Amino acid sequence: SACQTNPPRRLRVSCITSHPEQMESINQYPHLYKSSLVESETQGYLIEEFYNLVCQRQETSVETPAILLGIDGVGEIIQHLTPEQVDQLSYVVQKGASVKVRIVATVESSQLQDLENFLELFGAHLVGKMESDGVGMNLAQIPEEAERELKRGAQFCAKFAGEWVPFWILS
């Protein structure tokens, strides 16, 4: 939706994904800056490029266009990066927003605990597509009696300032 509401002069988008079939639809947008598949050499170069861009923008105060890096499956991608590239990615997550370089990442729920320290670097968390009501209930600390109001697969939680806020579609 960001590409549909912003012209390319205001927003550029990059993507790292493990799903090659998604690349075709992403590549059609004129907003696309660069894209990479997981396990390709270009993903590490893309992380380095974003790191360098953040550093450059911090020095020069140039902040346009806004650049968004979407990472589909950050847990898998981190496994294929060097320690230096993981540090660079962490830096971009922490400092990039101040110079209009943002990262949006997905992670499998099974990897949440393993990536807890890395995920804490993000300013907000949105957890969705949870098949088990218990995951959302535990994250948001919702009373068990609220469970009967939930629609399976239609719940999500957002974390703001260290606190989980639950959202559900009521049945």
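This passage describes the fold, the strand pairing, and selected helix, loop and surface residues of a predicted model.

The secondary structure of the chain amounts to seven helices and seven strands. Followed along the sequence, these elements occur in the pattern α-β-α-β-α-β-α-α-β-α-β-α-β-β. The chain has 171 residues, of which 36% count as buried.

Strand 3, which spans residues 66–71, pairs with two other strands. Its pairing with strand 1 is in the parallel sense and extends over six bridges. Within this pairing, Leu11 is placed opposite Ala66 of strand 3, and Val13 is placed opposite Leu68 of strand 3. Strand 3 also pairs with strand 4 (residues 101–105), again in the parallel sense, and here the pairing extends over five bridges. Ile71 has Ala105 of strand 4 as its bridge partner.

The side chains of strand 3 alternate along its length. Ile67, Leu69 and Ile71 are directed to one face and are buried, whereas Ala66, Leu68 and Gly70 are directed to the other face and are not buried. The residues of strand 3 that stand opposite Leu11 and Val13, namely Ala66 and Leu68, thus belong to the face that is not buried. Ile71, the partner of Ala105, belongs to the buried face. In strand 1, six of the seven residues are buried, so this strand is largely enclosed by the rest of the structure.

Helix 5 covers residues 83–95 and includes Gln85. Gln85 has a relative accessibility of 10% and counts as buried, because this value is under 20%. Its C-alpha atom lies 8.7 Å from that of Tyr45, although Gln85 and Tyr45 are 40 residues apart in sequence. Val93 is likewise found in helix 5. With a relative accessible area of 13%, Val93 is also buried. Between Val93 and Tyr51 the C-alpha separation is 9.4 Å, and these two residues are 42 residues apart along the chain. Helix 5 thus contains two buried residues, Gln85 and Val93, for which a C-alpha distance to a residue at least 40 positions away in sequence can be stated.

The loop between helix 5 and strand 4 contains Lys100. At a relative accessibility of 35%, Lys100 counts as partly exposed, because this value lies between the limits of 20% and 50%. The backbone of Lys100 has a positive phi of about 60°, although this residue is not a glycine. Most residues other than glycine have a negative phi. Lys100 also takes part in a positive surface patch, which is formed by Arg9, Arg10, Lys100 and Arg102.

Another member of this patch, Arg10, is located in the loop between helix 1 (2–5) and strand 1 (11–17). The relative accessible area of Arg10 is 48%, so this residue is partly exposed. The patch therefore includes Arg10 and Lys100, and these are partly exposed residues, at 48% for Arg10 and 35% for Lys100.

A further loop, between strand 4 and helix 6 (116–119), contains Ser110. Ser110 has a relative accessible area of 64% and is exposed, because this value is over 50%. The C-alpha atoms of Ser110 and Gly75 are separated by 9.8 Å, and the two residues are 35 residues apart along the chain.

Conventions: Residues numbered from 1 in each chain as written. Predicted model: local features only at pLDDT ≥ 70, side-chain atom pairs only at ≥ 80, totals over all residues. Heavy atoms only, no water. Patch = residues over 30% accessible without salt bridge, like charges linked within 9 Å, V, L, I, M, F, W, Y side chains within 5 Å. Areas by Shrake-Rupley, 256 points an atom, 1.4 Å probe, with all protein chains shown as cover. Salt bridge = Lys/Arg side-chain N within 4 Å of Asp/Glu carboxyl O. Lys, Arg positive; Asp, Glu negative; His and termini not counted. Charge placed at Lys NZ, Arg CZ, Asp CG, Glu CD. Helix = DSSP H or I, 4+ residues; strand = E, 2+ residues; numbered from the N terminus. Buried < 20%, exposed > 50% of the residue type's maximum accessible area, 1.4 Å probe, protein only. Pairing = 2+ DSSP bridges.
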